[in-house]
Amino acid sequence: MALEEKTAGKVELKRELGLFSAVSIILAVMIGSGIFVSPTSAFERSGSVGFCLVVWISCGVLSLLGALAFAELSTVVPRSGAEYAYFIEAFGPLHAYAGQIPAFICSWIYVMLLRPAEVAVIILTFAEYSVEPFSGYFCNLSQDDMARLKKLIAIIALGLITYINLVSVKLYVKLQNVFTVCKVIACMVVIGGGIWWLSTGHVELLNNPFHGTTTSAGNIALAFYSGLWAYDGWTSAAVVTEEVQKPEVNIFRSTIIAVPTITVLYVSMNLMYMAALTLPEMKNAPAVAVLWADRVLPPWMGFAIPLGVALSTFGCALSVQFSVSRLCFVAGREGHVPRVFSYVHINKMTPAAAVVFQGILSLACLLLGNIIALIEFASFLMWVFYGLAMISLIIMRRTKPDAPRPYTVPIVIPWLVLGVSIFLAVLPIVHEPSIKYLFALVFILCGIVVYHVFVYKKISNTLSGECNRIKKYIKIFYIKCLCIIDIKRNLFYL
């Protein structure tokens, strides 16, 4: 049944996410496996411990500014979908054809490729670290058998998160809150262990903290790129606006709580890593946090970090799928994907079709094997969308001056985030030209073709009409057959 108003006896998504849950979903998406597995790039590019910490703090501040701009946008456009919904409101009225293209391409990239691929990669990381504490039991398995075992675990985990998101928003909220608390505890284990390590006099790696700081503008840019990539996910609460209680206040509050919390955790954890490990050790480690734990934590706590990574990745995949299924749901409501994805389950009150569709896409990505390239060739487009969201805010300051705004950010903030977005979208292409960016362009052009044929020209409606006409003919044929059978039966009795 399609989304409709309760007062008319129809079905709609429920507002199940309170302030704590809104904070939880931001933390869940922002804290994935990266801070535990490979937080090395910013350190390598910055050249020194001190400047690396400056980069992580600055990236946290920039992320907070972007998140605050999205919080204002969520009050002007109080609908789920984040950037997608903002593009429709800002650009849609400007031109009947071109105004819809940014929103469609946003849904095309996120729904059809980027988020399903991300979920697949995160789930594979979960499988890797869920097996780690029990590796001694699988020492007799060959590498191929171990790879099959991990893929099987990943498939089961993907089925489980899809089931959770399909069955109940309340179940998702309860589990996600638990996983978020667990992953914050895992971060605190690293911070607490690092404080103990420093208190015992291991401070030699922190002496002269700015020694070796890079003077290369390119390396500085790449250090910031790495840091801001790690902070990605600050739009998560805005994506699910229609399920947040009192979104006009809780999205802002969740942003103010979650992003600074992440900044403190990230800066502190990087400090603890760099206090115990040299840069070459961090670069060569398959998982920085595991190597750090082997050196700093007592042996009986060796399971803590792999367990923390497993819980963190599972919770992250759960929330990423939850968010993108809502984007798919909103895109279905706008007619940018098949309408069936805008349907809400009449009993479970979840966008069931959208959740199942995302589960299938993630499974396809998972079975493809090496899908890192899929994410790399499309991920730089996220910053294009963030930049367009800032343009949307600037436009709607003029076109919607009377829209409810419980708070507004200084206009310099969207301009600043727009500049950062342009920089981060262009930087990978300039620094490392690759054919994968040509693939991204081709994928966007394919999206425009799909938009023109199936959305703007509404060929799908024509096909639907033809299908209805065929059904009508089949029905007439069926009725005629019944009449003939009935006539023959009557003749037989006569």
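Begin by selecting R333, which at 23% relative accessibility counts as partly exposed, and keep in mind throughout that this is a predicted model. From R333, follow the side chain to E242, since the two meet in a salt bridge with an N to O distance of 2.7 Å. The pair links distant parts of the chain, with E242 in the loop between helix 10 (236-239) and helix 11 and R333 in helix 14 (residues 304-334), 91 residues apart. Unlike its partner, E242 falls in the buried class, because its relative accessible area is 14%, under the 20% cut-off.

**The whole chain**

Zoom out before going further. The protein has 19 helices and zero strands, and of its 494 residues 52% count as buried. Among the contacts with a separation of 6 or more, 82% are made by residues 24 or more positions apart. The protein exposes about 22500 Å², of which carbon and sulfur atoms supply 68%.

**Other salt bridges**

Side chains of opposite charge can pair when their charged atoms come close. The count for this model comes to eleven salt bridges, and two further examples are worth displaying as sticks.

Select E89 and K400, whose closest N and O atoms are 3.3 Å apart in a salt bridge. E89 lies in helix 5 (residues 83-91), whereas K400 lies in the loop between helix 16 (372-399) and helix 17 (412-431), so the pair ties together parts that are 311 residues apart in sequence. E89 counts as partly exposed at 26% relative accessibility, and K400 is likewise partly exposed, at 26%. Add R79 and E334 to the selection to display a network of salt bridges that links R79, E89, E334 and K400.

Then move to R115 and E118, which form a salt bridge with 2.9 Å between the closest N and O atoms. Both residues lie in helix 6 (residues 101-131), three residues apart, or about one turn of the helix, and both are buried.

**Helix 4 and its cap**

Next, colour helix 4, residues 49-76, and check its length with the distance tool. At 1.5 Å a residue its 28 residues should span 40 Å, and the end C-alpha atoms are 41 Å apart, which agrees. Of these 28 residues 22 are buried, so helix 4 is largely enclosed by the rest of the structure. At its N-terminal end, select S48, which caps the helix through a side-chain oxygen lying 3.2 Å from the backbone nitrogen of F51.

**N270 in helix 11**

What does N270 touch, once its neighbours within four places in sequence are left aside? Its contacts are with I35, P39, L53 and W56. N270 itself is found in helix 11 (residues 247-276), where it is buried with a relative accessible area of 1%. Showing the backbone here brings up another partner, for the side chain of N270 reaches the backbone oxygen of Y266 at 2.8 Å.

**I26 in helix 1**

Now centre on I26, in helix 1 (residues 19-30), which counts as buried at 0% relative accessibility. Draw a C-alpha to C-alpha distance from I26 to A237: the two are 211 residues apart in sequence and 6.2 Å apart in space. Apart from neighbours within four places in sequence, I26 is in contact with G233, W234, S236, A237, S254, T255 and A258.

**Two residues with positive phi**

Two loop positions deserve a look at the backbone. A82, found in the loop between helix 4 and helix 5, has a positive phi of about 50° although it is not a glycine. N208, in the loop between helix 8 (169-199) and helix 9 (217-230), also has a positive phi of about 50° without being a glycine. Which of the classes, buried or exposed, does N208 belong to? N208 is exposed, with a relative accessible area of 53%, whereas A82 counts as buried at 0% relative accessibility.

**A nonpolar patch on the surface**

Finish by switching on the surface and selecting I435, L438, F439, L441, V442 and L445, which form a nonpolar patch with about 560 Å² of accessible area together. Within this patch, L445 lies in helix 18 (residues 435-456) and counts as partly exposed at 46% relative accessibility.

How values were computed. Residues numbered from 1 in each chain as written. Predicted model: local features only at pLDDT ≥ 70, side-chain atom pairs only at ≥ 80, totals over all residues. Heavy atoms only, no water. Helix = DSSP H or I, 4+ residues; strand = E, 2+ residues; numbered from the N terminus. Expected span 1.5 Å × (residues − 1). Buried < 20%, exposed > 50% of the residue type's maximum accessible area, 1.4 Å probe, protein only. Polar contact = N/O pair within 3.5 Å; in protein donor to acceptor, adjacent residues only side chain to side chain. Contact = heavy atoms within 4.5 Å. Areas by Shrake-Rupley, 256 points an atom, 1.4 Å probe, with all protein chains shown as cover. Patch = residues over 30% accessible without salt bridge, like charges linked within 9 Å, V, L, I, M, F, W, Y side chains within 5 Å. Salt bridge = Lys/Arg side-chain N within 4 Å of Asp/Glu carboxyl O.
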